[in-house]
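User: I'm new to this structure and would love a close look at one part of it, the largest pocket. Could you then walk me through a few other parts as well?

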Amino acid sequence: MARREIIAMLLAGGQGSRLGILSKKKAKPAISFGGKYRIIDFPLSNCVNSEIDTVGILTQYQPFVLNKHIGIGIPWDLDRPNSGAVILPPHLKSSEGDWYSGTANAIYQNINFINSYSPRYVLIISGDHVYKMDYSKMLEYHRRKNADATIAVLEININDASRFGIMNVDENNKIYKFEEKPEFPKSNLASMGIYIFDWSKLHEFLILDNKIHNNSDFGAHIIPEMIKFKKNVYAYKFVDYWKDVGTIESYWLANMELIKTLPSFNLYENFWKIYTQVEYQSPHYFGKNSDVSTCIISEGCEIYGKIYNSILGYNVVVEENAIIKDSIIMSNSIVKKNCYIEKSIVDENCIIDKNCKIGIGKNIINSSEPNIYNSGISIIGENSFILEGLNIGKNCVVSGELKKENIINNELESGENLIINNMI
């Protein structure tokens, strides 16, 4: 392989368990976002816009949708013969091999791939965050500091710091202590899970740490060890939009932010485009009685009803007298006549039959998974068929092809689940 000064390793195997049924059949980076995109499009586009042309994509959990989406990297101009995008699942090497058991362990298992490009630097990024970042500026900072490792950080509210990996730095932003979710944080600089390493130094620590831990992680092992051994580890302060869409509420809120008149995260900037696998569809069509306000409507949609403050993926049909408010309807779904949907997420390839109401009633926390479904948002899982006239409350999860015998009195009260075919 031709030598590269820097290559990126994109960790995209996350299960995203806090997203509940949305990540039941696909990895978190493959979940739709903003109508036409998937979450992984953002870090991949950042790489391309930062002129990084070699990206190893480490997959593991439910990779089919993600692999199909990435393909050979054509949408991101990463289909090059001696670089480009390369899918790196767990694999056997002679007599050894195992699942990736930590962020650093995943990189350790792909040392040969990295060595084939002989890079001076390696960028480690996650596939499940939404943001725009010029990694070349971070690399310039890394060089200027003569750093062995540079960690991107965000300044957060000190009251939230106990939920993050926290960097304690001196006056030159050199990190002298790393604390993982400290009970009493002394700093508000939270790790973004974005790292640049000198490859020779990282290679050394990966080999050493693998002898001690079989679940090696950057936050728990590699970075604290580098600090312990007095390596030059610096914090790079990032001051733009960054969102971990790892919960139902944060995912819904991040989508809703996109439809503001002046969104915090702007998808319409020509100088920093977000690229995706294009699904070629017919143009939108809006019927004469349709009404649409403050929405993102993707290609191929047919709108005959009323939609407010919502996001529609491509090829969605909304029939006459249907009303959708504050909701996300993902691609290839159909909302039939006289339906009412409020503050809900409908996953891909769903059919909501006539006269259904979703997201109504009292805001009662989900009875079986209160830590996931607790923000008033109801979820319809992918490939579901919702029976005609069914009323679904708040914080509900419904999935599968429903039949009349599955429901009593055409009503699912708030906080309850209806799952067919063991999909959850």
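Analyst: Happy to! One term first: a strand here is a DSSP run of E with at least two residues, and strands are numbered from the N terminus. Please keep in mind that this is a predicted model.

Let's start with the pocket. The largest pocket has a volume of about 1500 Å³. Its lining is made up of 50 residues, and the closest to the centre are R18, D128, H129, W242 and D244. Which strand gives the largest share of this lining? That is strand β11, residues 189–198, with 4 residues. By character, the lining of the largest pocket divides into 20 nonpolar, 17 polar and 13 charged residues.

From the pocket, we can turn to a sheet. Here 7 strands form an open sheet with parallel pairing, and their order is β15-β18-β21-β24-β27-β30-β32. The edges are held by β15 (291–293) and β32 (411–412); each has a single partner strand, so one side of each has no neighbour in the sheet. For a look at one pairing inside this order, take β18, residues 306–308, and β21, residues 323–325: they pair in the parallel sense over 3 bridges. Within that pairing, I307 stands opposite I324 in β21.

Next come the cysteines. How many disulfides are there? The count comes to 0, where a disulfide would need two cysteine sulfur atoms within 2.5 Å. Two residues show why the cut-off is not met. For C350, the closest cysteine sulfur belongs to C356 and lies 12 Å away, which is too far for a bond. For C356, the closest cysteine sulfur is that of C339, at 4.7 Å, and this is also too far for a bond. Are these two residues buried or exposed? C350 is buried, with a relative accessible area of 0%, and C356 counts as buried at 0% relative accessibility too.

Burial also marks the last stop, helix α1. This helix covers residues 41–49 and is mostly covered, with 8 of its 9 residues buried. Those buried residues are D41, F42, P43, L44, S45, N46, C47 and N49. After α1 comes E51, which has a positive phi, near 65°.

To return to your pocket with the picture in place: R18, D128, H129, W242 and D244 are the lining residues closest to its centre, while β11 supplies the largest share of the lining.

Methods:
Residues are numbered from 1 along each chain as its sequence is written. This is a predicted model: local features need pLDDT of at least 70, side-chain atom pairs count only at pLDDT 80 or more; totals for chains, interfaces and linings use all residues. Side-chain values use heavy atoms; hydrogens and water are left out. Two strands pair if DSSP finds at least two bridges between them. On a 1 Å grid over the protein atoms alone, a cavity is a set of points where a 1.4 Å probe fits but cannot get out, and a pocket is an open set with protein on both sides within 12 Å along at least five of seven lines; lining residues have an atom within 4 Å of a point. Grid points are joined across faces, edges and corners, and a volume is the space filled by probe spheres set on the points. Ala, Val, Leu, Ile, Met, Phe, Trp, Tyr, Cys and Pro count as nonpolar, Asp, Glu, Lys and Arg as charged, and the others, Gly among them, as polar. Buried means under 20% relative accessible area, exposed over 50%, partly exposed in between (1.4 Å probe, protein chains only).
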